[in-house]
There are 2 protein chains.
Amino acid sequence: MKRESTHLKILQLLKQDFGQPISGTTLASLCGLSRTSIWKHVQNLKLLGYEITSHPKEGYRLTGLPDALIAEEIVPELHTSWAGRHLHHFAQIGSTNEVAMELALRGAPHGTVVIAEEQTQGKGRLSRSWISSPRLGIYASLVLRTPLPLMEAHHATSVAAVALSEVLITIWTLPARIKWPNDILVNGRKIAGILTELQSDQDYTRFLVIGVGINVNHQPRDLEGPFRYPATSVALECGRTTNRKDLLVQFLARFENQYDLYLQEGFSAFLPRMELLSAVLGKRIRVLVGNREIRGRAAAFSPEGGLRVWDESGNEETIWAGDITRLEGME
Amino acid sequence: MKRESTHLKILQLLKQDFGQPISGTTLASLCGLSRTSIWKHVQNLKLLGYEITSHPKEGYRLTGLPDALIAEEIVPELHTSWAGRHLHHFAQIGSTNEVAMELALRGAPHGTVVIAEEQTQGKGRLSRSWISSPRLGIYASLVLRTPLPLMEAHHATSVAAVALSEVLITIWTLPARIKWPNDILVNGRKIAGILTELQSDQDYTRFLVIGVGINVNHQPRDLEGPFRYPATSVALECGRTTNRKDLLVQFLARFENQYDLYLQEGFSAFLPRMELLSAVLGKRIRVLVGNREIRGRAAAFSPEGGLRVWDESGNEETIWAGDITRLEGME
C-alpha cells in the first residue's frame with residue numbers, strides 16, 4: 001500500500017495540471033522523495049497504463065489515463081467507509097468470487113473488493129458461466145463479514161440488486177428492473193447479474209461474497225453467444241461509452257449505504273423498493289425449483305423476500321431458490 | 001491407504017487368534033509380504049497402541065487393542081456406502097470441523113470423516129467452546145457434498161440429531177431427547193451437540209460439515225466447569241464404560257441411512273420423529289433470537305423444521321436460529 005499511496009500522491013499532482021508539465025524537482029519536493037524515486041514511480045505508473053511524457057527541461061506531463069479499474073483510479077473517487085477500502089485488482093483471473101472467497105477465508109476485512117479486467121471462468125448462478133470480456137465489463141466481488149442469520153443471507157443479494165438498479169436508474173437514467181432474485185434487466189435484456197457465495201455455521205454467516213458482473217461497454221458483437229437470456233450493456237442502452245470506474249464507484253457507495261441501512265432497519269426497508277423494481281411481480285412466469293417447474297403468477301414477495309407464486313391450480317407457494325426461465329408479457 | 005490396508009489385513013489375522021501366537025512366516029505368506037515387512041508393520045501397529053508381543057520361535061501375539069478411533073479399528077466394523085469411507089484421524093487438533101472444512105474446500109469426497117481424540121479448540125454453536133477431553137468423547141466431523149437448497153441446509157442438522165438420538169435410544173437404551181436445534185439431552189442433561197458449517201452459493205450448498213461432540217466415558221470430574229447447561233455422558237447414564245468405536249460406527253451407519261432417506265423422501269419423513277424426540281415441544285421456553293428474548297410455549301415445528309413459538313401475548317413466531325436458554329418444567 002505504500003507504493004500505492006505514493007502513486008496516488010504523484011497522480012494527484014499530475015492530474016491537477018493534466019496535460020501540463022511539472023518538473024521532477026517540484027514533484028520530488030511535494031512528495032518528499034528524491035527525483036530518482038519519482039522517476040521510478042513514473043515508470044511504474046506507465047506500466048499501469050498511464051500516459052506520461054517526460055522532457056529533460058519541462059518535466060513530467062500526464063496525457064492519458066488507463067482504462068483499468070486499478071486502485072490508483074478508484075481510491076481517489078471512493079468516499080466509502082468500508083466498501084472497497086481494500087482493493088485487489090487483477091488483469092485476468094478465473095473468477096473474482098473465487099479469489100474473494102479465498103481472501104475471506106484468510107481473514108480479508110469487511111468491504112474487501114476483488115476486481116478483474118477479465119475473468120476466464122466467470123461464474124453465474126446455478127453453476128452457469130458468465131461471459132467476462134476484457135475491459136468491457138465490471139467484474140467485482142465484495143467481502144461482507146457482518147454475520148447474518150443463515151436463513152436471511154439471501155437478503156444481501158436483494159440489497160445488492162436494489163442498490164445496483166437504483167444506480168443505473170438515477171445516474172444512468174436506465175429503466176433497470178430486478179429479475180428476482182439476482183439479475184438486472186433493462187428493457188427486458190440482462191445488463192447485470194449478482195452471484196452470492198458464503199460460508200456459515202448453522203445459525204450465522206461467517207462471511208459472504210457478493211459478486212457482480214455488469215455489461216458496461218459491450219457492443220452487439222460482444223454479446224453474441226448461446227445465452228439463456230437476451231443481453232445488453234450500459235453503453236448500448238445509453239448510446240454512448242460509459243466510464244467503468246464511475247459505475248463501480250457509484251455502486252460501491254450505494255451498496256455500502258444501503259447495506260448499512262439494511263443492518264439498521266431490517267429487510268422491511270427494502271420490500272417496497274423490491275416490489276417497485278421487480279421485473280416479475282404480477283407477471284405470468286415459469287419457474288424451475290430444482291427439477292420441478294411451477295407455472296403461475298408472481299403474486300408478491302413474502303416479508304422475508306421469498307417470491308410468492310400462485311400456480312395454475314390456485315395454490316400459493318413461496319419460493320427461495322427458484323430460477324425464472326420464462327416471463328410472458330415481460331417489459 | 002496402502003499401509004492402512006496392510007495394517008487391516010495383519011490385524012484381521014491377529015484378531016482371529018487374539019492372545020494366540022502366529023508366526024511371522026505365516027503372516028508374511030498370508031499377506032504376500034516379506035517377514036521383514038511384517039515386522040515393520042507390527043512396529044507401526046504398536047506405535048498406534050496395539051499390544052503385540054513377539055517371540056523368536058512362536059511369532060506375534062495380539063494381547064490388547066488401543067482405545068483410539070483410528071481407521072484400523074473403525075473400518076472393519078463400518079458397513080456404510082459413503083459415511084466414513086475416508087477417515088482422517090488425529091490424536092489432537094484444534095477442531096474437527098475446521099479440518100473438515102479445509103478438506104472439503106480441497107475437494108474431500110462426500111462422507112469424509114475427521115476424528116480427533118482431543119480437540120484443543122473444540123467449537124460449539126454460536127462461537128461457544130466445547131470441552132473435548134482426550135479419549136473420553138467422540139469428536140467427529142462429516143463432509144456432505146450433496147447440494148441442498150440453502151434455505152433447507154438446517155435439515156441436515158436435524159437429520160443428524162434424530163439419527164444420534166435414535167442410536168442412543170435403541171442401542172444404549174437411553175431416553176435421549178433433542179433440545180432444538182442441535183443438542184441431545186438425556187434426563188435433562190446435555191450428552192451431545194451438533195455443529196453444522198457450510199459453504200454455499202445463494203441457491204445451493206456446495207458442501208456441509210456436520211460436527212458431533214458426544215460425551216461418552218466422562219465421569220463427573222470430567223464434566224465440571226462453567227457450563228451453560230448441566231452435562232452428562234453415556235457412561236454415567238448407563239452406569240458402565242462404553243466403547244467409543246461402537247457408538248461412532250453406529251452413528252455413522254444410522255446417519256447415512258437417514259440422510260439418504262431424507263434426500264429421497266424429503267424432510268416430512270422426519271417431522272413426526274422430531275416431534276416425538278423433542279425436549280422442548282409443549283414446554284415453556286425462553287429463546288434468544290439475536291439479542292431479542294422471546295418467552296412463550298414451543299408449540300410445534302413448521303413443515304420446514306422451524307420452531308413455532310407462541311409468545312406470552314399470544315403471537316406466533318417461527319424461529320430458525322434461536323437459542324433456547326431456559327426450559328421450565330423440562331424433563
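**Two helices, a hairpin and a shared strand pairing**

In this predicted model, helix H1 of chain B meets helix H3 of chain B through a small set of named residues: Thr6(B), His7(B), Ile10(B) and Leu11(B) on the H1(B) side, and Ile38(B), His41(B) and Leu45(B) on the H3(B) side. Sorted by class, this contact has four nonpolar residues and three polar ones, with no charged residues. H1(B) covers residues 2–16 and H3(B) covers residues 35–47, and their axes come within 10 Å of each other, crossing at roughly 90°. Angles from 65 to 115 degrees count as roughly perpendicular, and H1(B) and H3(B) are therefore roughly perpendicular to each other.

Further along chain B there is a hairpin to look at. Strand E11(B), residues 284–289, pairs with strand E12(B), residues 292–301, in the antiparallel sense, over six bridges. Pick out Val287(B), and its bridge partner in E12(B) turns out to be Ile294(B). Two residues sit between the strands of this hairpin, and Gly290(B) takes a positive phi there, near 65°.

Next comes the way the two chains touch. The contact takes 21 residues from chain A and 22 residues from chain B. On the chain B side, the elements that give two or more residues are helix H6(B), residues 154–170, and strand E9(B), residues 189–201. E9(B) gives the most, with seven residues. As for class, the side of chain B that touches chain A has eleven nonpolar residues, seven polar ones and four charged ones.

E9(B) also has a partner across the contact. Strand E9 of chain A, residues 189–201, pairs with E9(B) in the antiparallel sense, and five bridges join the two. One of the residues involved is Glu197(A), whose bridge partner in E9(B) is Asp201(B).

How are the two chains arranged overall? A turn of 180° and a shift of 0.1 Å along the axis lay chain B on chain A with an RMSD of 0.1 Å. The two copies are thus related as by a two-fold rotation axis. Among the residues of chain B, Gln199(B) comes closest to that rotation axis, with its C-alpha at 2.2 Å. The interface fits this picture from another angle: 95% of the interface residues of chain B are also interface residues in chain A, so the copies meet through the same surface.

Terms used
Residues are numbered from 1 along each chain as its sequence is written. Chains are lettered from A and ligands numbered from 1 in the order in which they are written. This is a predicted model: local features need pLDDT of at least 70, side-chain atom pairs count only at pLDDT 80 or more; totals for chains, interfaces and linings use all residues. Two residues are in contact if their C-beta atoms, placed from the backbone, lie within 7 Å. Helices (H or I, at least four residues) and strands (E, at least two) are DSSP runs, numbered from the N terminus. Ala, Val, Leu, Ile, Met, Phe, Trp, Tyr, Cys and Pro count as nonpolar, Asp, Glu, Lys and Arg as charged, and the others, Gly among them, as polar. Two strands pair if DSSP finds at least two bridges between them. Axes are lines fitted to C-alpha atoms, for helices over the stretch in contact, and angles run from 0 to 180 degrees between N-to-C directions. Angles under 35 degrees count as roughly parallel, over 145 as roughly antiparallel, 65 to 115 as roughly perpendicular and the rest as oblique. Copies are superposed by least squares on the C-alpha atoms of residues with pLDDT of at least 70 in both.
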